[in-house]
Amino acid sequence: MMVKTEVIVIGSGIAALKTALVASEHKHVILITKSKIRHSSSYLAQGGIAAAISDQDEVSLHKKDTLAAGQRYNKVKAVEKLVEKAPLAIAELLQSGMQFDRDHDGSLMLGLEGAHSERRILHSHGDGTGKYIMEHLIGCLNGSKIKVIENEAAVELVVGEDDSCIGIKTLDRSGKLAVYHAEHTVLATGGCGSLYQITSNSQTVSGDGIALAFKAGAKVRDMEFIQFHPTLLFMNDKAEGLVSEAVRGDGAILVTENGRPIMQDVHRLKDLAPRHIVAQTIFSYLQRGEKVFLDITMIKDFKKRFPTVSSLCEKSGVDLQLGKIPVAPGNHFLMGGIEVDESGRTSVPSLYAVGEVACTGVHGANRLASNSLLEGIVFGKALGDLLANVPARELPEEKEYPKVSCHIASLPNISELQGKLMNEAGIVRTEAGLIRLKNYLEAFHIESLLHPDVTGRSLTEITKANAMIVAWLIAESALTRTESRGGHFRSDYPSEDDTSWLENSVILACQDVKNRVKGRRQYEHIEA
């Protein structure tokens with residue numbers, strides 16, 4: 001089957017929907033998602049959406065907080081775009097009928113979260129913000145001309161003879177291949193959370209968009225910067241879901257089993273310190289065999305204030321009467337991703353990326369809480385505007401690739417990879433651990449997995465190959481950056497090194513892989 005359209009958007013989160021809706025004002029848009037439209041990290045987002053809209057707040061303060069959380073590594077222009085457009089983005093949501101929580105006098109309720117200097121977080125239904133913004137956008141989608149295709153996974157980007165992107169190939173659940181040609185293709189596929197053993201992300205968020213772009217020639221940047229959310233509900237050695245940062249914003253504190261506060265002497269902001277500091281502190285206790293809990297006894301009407309967290313706790317067998325929720329940190333958000341310019345263009349012509357899959361530099365080394373839904377709305381609108389007004393183009397012929405033998409059949413199960421990533425490229429990293437991880441990945445002939453043609457491969461095989469590529473990108477980037485900054489913590493390089501690294505990024509392209517694959521005989525003479 002072959003279909004032709006003007007714009008294809010791959011994904012079903014907030015950035016995908018916003019981009020598609022704005023682009024569809026002037027263009028024919030097809031939106032394709034590998035599961036259901038309601039399966040996305042955006043839909044699961046309990047935190048709110050940040051914007052400087054109160055009289056006490058200023059856009060300059062939102063900017064300052066975003067740069068501080070990002071350890072000054074952010075691209076300042078991208079941050080300015082995010083915070084300056086935020087009040088308008090909220091006004092447009094309200095104008096189109098989105099309901100945010102309000103006080104008894106009808107004014108918008110604004111919450112406080114970690115590393116914010118002012119109350120600027122809007123919520124909907126307490127801790128259901130992502131779900132309700134998504135439902136609002138899905139309502140808009142249903143009233144649009146956008147064609148939505150569910151349960152088809154993008155497995156290959158189609159590249160033209162001029163090296164531009166001319167569409168995608170997909171596989172459905174039955175293994176049927178479809179080809180979609182498009183003048184412009186947008187990746188909005190989210191991060192790579194489910195490649196880690198402990199994550200808050202939807203299981204569909206496996207980094208495949210990053211692998212697809214990388215194989216098609218796009219540059220990938222900052223893959224070492226992964227945010228570990230400090231508080232996932234942790235029962236029977238597994239994460240059951242997210243316990244929103246807003247719970248700590250309302251006064252909950254992190255304690256040991258015998259009630260000793262753990263953040264007291266760690267940071268001046270205590271339990272509302274930047275996420276990487278809170279996550280690393282909890283992790284150090286767990287490594288010593290001590291459990292960590294959120295003490296919620298000081299929050300009045302907890303069930304009413306946090307209905308999503310409460311029902312998650314009850315489903316998982318946590319007795320909220322005891323006032324303690326067992327927590328552990330897990331993969332939450334990727335600050336890196338496909339390198340894009342301010343408009344969302346990748347290094348491959350006519351291929352774009354937006355939302356968590358993209359690296360605009362807006363989050364720097366660590367994302368400020370409640371800036372992710374905002375990023376999806378602001379950058380999605382900007383990319384949608386660009387696509388709506390871009391001139392039509394003639395598509396070139398498809399590029400022919402030489403056939404290459406591939407070692408996909410021997411790849412390990414995802415669960416094995418999840419454990420390796422969590423242990424070696426998780427919250428605390430070392431050179432020895434990262435080299436172990438790279439050697440493990442490279443033993444599976446990582447270069448042979450980079451060949452874009454997936455004809456005759458099953459979805460499971462393709463997913464495994466993509467997961468290996470993304471894991472390698474994380475390991476290589478984390479090994480290269482010999483400092484600690486934000487979401488990247490190296491215990492062998494525990495300090496920030498501004499002289500070597502503040503202005504430097506780890507940027508990887510497909511052709512770099514052979515030069516960087518070390519330790520195997522045929523490449524022994526190559527230095528990285």
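Trainee: What's the mean pLDDT of the chain?
Mentor: It is 93. Of the chain's residues, 97% reach 70 or more. Keep in mind that this is a predicted model.

Trainee: Where does pLDDT stay under 50?
Mentor: Over residues 519–528. The model has 12 contacts for that stretch beyond four places in sequence. Where pLDDT is low, the predicted coordinates should not be read in detail.

Trainee: OK, new topic. Where does Asp127 sit?
Mentor: In a loop. β4 (121–122) comes before that loop and α5 (129–142) comes after.

Trainee: Is Asp127 buried or exposed?
Mentor: Asp127 is buried. It has no salt bridge, though.

Trainee: Which side chain of opposite charge is nearest, then?
Mentor: Arg305, at 7.1 Å. The salt-bridge cut-off is 4 Å, so that pair does not count as one.

Trainee: Which backbone nitrogen lies 2.9 Å from a polar atom of the Asp127 side chain?
Mentor: The one of Val309.

Trainee: And what else does Asp127 touch?
Mentor: Leaving out residues up to four places away in sequence, Asp127 touches Ala45 and Gln46. It also touches Arg305, Phe306, Pro307, Thr308 and Val309. So Arg305 is in contact with Asp127, even with no salt bridge on Asp127, because contact takes any heavy atoms within 4.5 Å.

Trainee: Switching to strands. How many residues of β7 are buried?
Mentor: 7 of its 8. The strand spans residues 165–172 and is mostly covered.

Trainee: How many bridges join β6 to β7?
Mentor: There are 7. β6 covers residues 152–159, and the two strands run antiparallel. Val158 stands opposite Gly167 in β7.

Trainee: What's in the turn there?
Mentor: β6 and β7 form a hairpin with 5 residues between them. Asp163 in that turn has a positive phi of about 70 degrees.

Trainee: And how does β7 run relative to β8, parallel or antiparallel?
Mentor: Antiparallel, with 5 bridges joining β7 to β8 (residues 177–187). Ile168 stands opposite Tyr180 in β8. These two strands also form a hairpin, with 4 residues between them. In this turn, Gly175 has a positive phi of about 90 degrees.

Trainee: Last one. Which residues of β2 are on which side?
Mentor: Val29 and Leu31 are on one side of β2 (residues 29–32), Ile30 and Ile32 on the other. All four are buried, and both faces of the strand are covered.

Trainee: Which strand does β2 run parallel to?
Mentor: β1, residues 2–10. The pair is joined by 4 bridges. Ile10 stands opposite Ile32 in β2.

Notes
Residues numbered from 1 in each chain as written. Predicted model: local features only at pLDDT ≥ 70, side-chain atom pairs only at ≥ 80, totals over all residues. Heavy atoms only, no water. Buried < 20%, exposed > 50% of the residue type's maximum accessible area, 1.4 Å probe, protein only. Lys, Arg positive; Asp, Glu negative; His and termini not counted. Polar contact = N/O pair within 3.5 Å; in protein donor to acceptor, adjacent residues only side chain to side chain. Pairing = 2+ DSSP bridges. pLDDT = per-residue confidence, 0-100.
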